[in-house]
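Subject: Structure handover

Hello,

The structure you asked to take over is below, followed by notes on what was found in it. Please read the notes with the model open beside them.

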Amino acid sequence: MNYKLSNRELMLIKLLAAIGLISIFIYGTSYLASEINKSKEYLFIEVNKFNEKKQTLSQIKAQETNKKIILSLEDFLIQLTDMSIQYEQNDNEIVIKGLSSLDALQIITDIETNNADVKSFILNAEEPPNIILSINFNG
């Protein structure tokens, strides 16, 4: 039994095939676009992780560099002179009397950040104008 399709049936099959191809094309492009977006988001996450690691390594490198730079007694005395702070020096010991709390905090911060070669320091803080800071540098 041979059945011959009519022109109307052929046109309907062609139309369904065209609709199917268009549907497959639309589905494929939307799937491809969503996969590209997922890939882009993953890439951004990985780039952020890399940047965080890079920043951490940079901070570690800066700390290592700062460890190699040691603030000497002479440099510290120059800083005190630049800050217009009066001090008394006995060999490697510096005694600073009559400090304000801000100046004392600044000196201690400078010692810490500049990795000063300090043996010991004593901070006697009774009242802000009576703050006494005694710093003993290594040999």
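**Q79 and D110**

Q79 is found in helix α2; helices here are DSSP runs of H or I with at least four residues, strands are runs of E with at least two, and both are numbered from the N terminus. Two notes on conventions belong here. This is a predicted model, in which local features need pLDDT of at least 70 and side-chain atom pairs count only at pLDDT 80 or more, while totals for chains, interfaces and linings use all residues. Residues are numbered from 1 along each chain as its sequence is written, and side-chain values use heavy atoms, with hydrogens and water left out.

With a relative accessible area of 23%, Q79 is partly exposed. In these notes buried means under 20% relative accessible area, exposed means over 50%, and partly exposed lies in between, using a 1.4 Å probe and protein chains only. Apart from neighbours within four places in sequence, Q79 is in contact with L71, D110 and N114, where contact means heavy atoms within 4.5 Å.

D110 belongs to helix α3 (residues 101–113). Along the chain Q79 and D110 are 31 residues apart, and their C-alpha atoms are separated by 9.2 Å. D110 counts as buried, at 14% relative accessibility. Setting aside neighbours within four places in sequence, the contacts of D110 are L71, Q79 and M83. L71 therefore appears in the contacts of Q79 and in those of D110, under the definition of contact as heavy atoms within 4.5 Å.

**The sheet**

Four strands make an open sheet in the order β1-β2-β4-β3, with antiparallel pairing. β1 (88–90) and β3 (118–124) stand at the edges with a single partner strand each, so one side of each has no neighbour in the sheet. From one strand to the next the twist averages 15°. Two strands are taken to pair if DSSP finds at least two bridges between them. In general, strands of a sheet pair through backbone hydrogen bonds, either parallel or antiparallel.

Strand β2 (residues 93–99) pairs with strand β4 (residues 131–137) in the antiparallel sense over five bridges. Helix α2 (residues 73–82) packs on the sheet and touches β1, β2 and β4, and its direction makes about 15° with that of β2. For such angles, axes are lines fitted to C-alpha atoms, for helices over the stretch in contact, and the angles run from 0 to 180 degrees between N-to-C directions. Between β2 and β4, L99 stands opposite I131 in β4, and I96 stands opposite L133 in β4.

β1 and β2 also pair in the antiparallel sense, over three bridges. E88 stands opposite V95 in β2. The hairpin of β1 and β2 has two residues between the strands, and D91 takes a positive phi near 55° there.

**Salt bridges**

How many salt bridges does the structure hold? There are three, a salt bridge being a side-chain nitrogen of Lys or Arg within 4 Å of a carboxyl oxygen of Asp or Glu.

- K38 and E35: the closest N and O atoms are 3.6 Å apart. These residues lie three apart in helix α1, so about one helical turn separates them. K38 is exposed, with a relative accessible area of 51%, and E35 is partly exposed, with 33%.
- E46 and K49: the closest N and O atoms are 3.7 Å apart. E46 and K49 are also three residues apart in helix α1, and therefore separated by about one helical turn. E46 is partly exposed at 30% relative accessibility, as is K49 with a relative accessible area of 43%.
- K97 and E88: the closest N and O atoms are 4.0 Å apart. E88 counts as partly exposed, at 43% relative accessibility.

**A nonpolar surface patch**

Y3, L5, L10 and I13 form a nonpolar patch on the surface, with about 400 Å² of accessible area together. Patches are made of residues with over 30% relative accessible area and no salt bridge, with like charges joined within 9 Å and nonpolar side chains (Val, Leu, Ile, Met, Phe, Trp, Tyr) within 5 Å. Accessible areas come from the Shrake-Rupley method with a 1.4 Å probe, and for residues only the protein chains shown count as cover. One member of the patch, L5, is found in the segment before α1 (7–68). L5 is partly exposed, with a relative accessible area of 35%.

Regards
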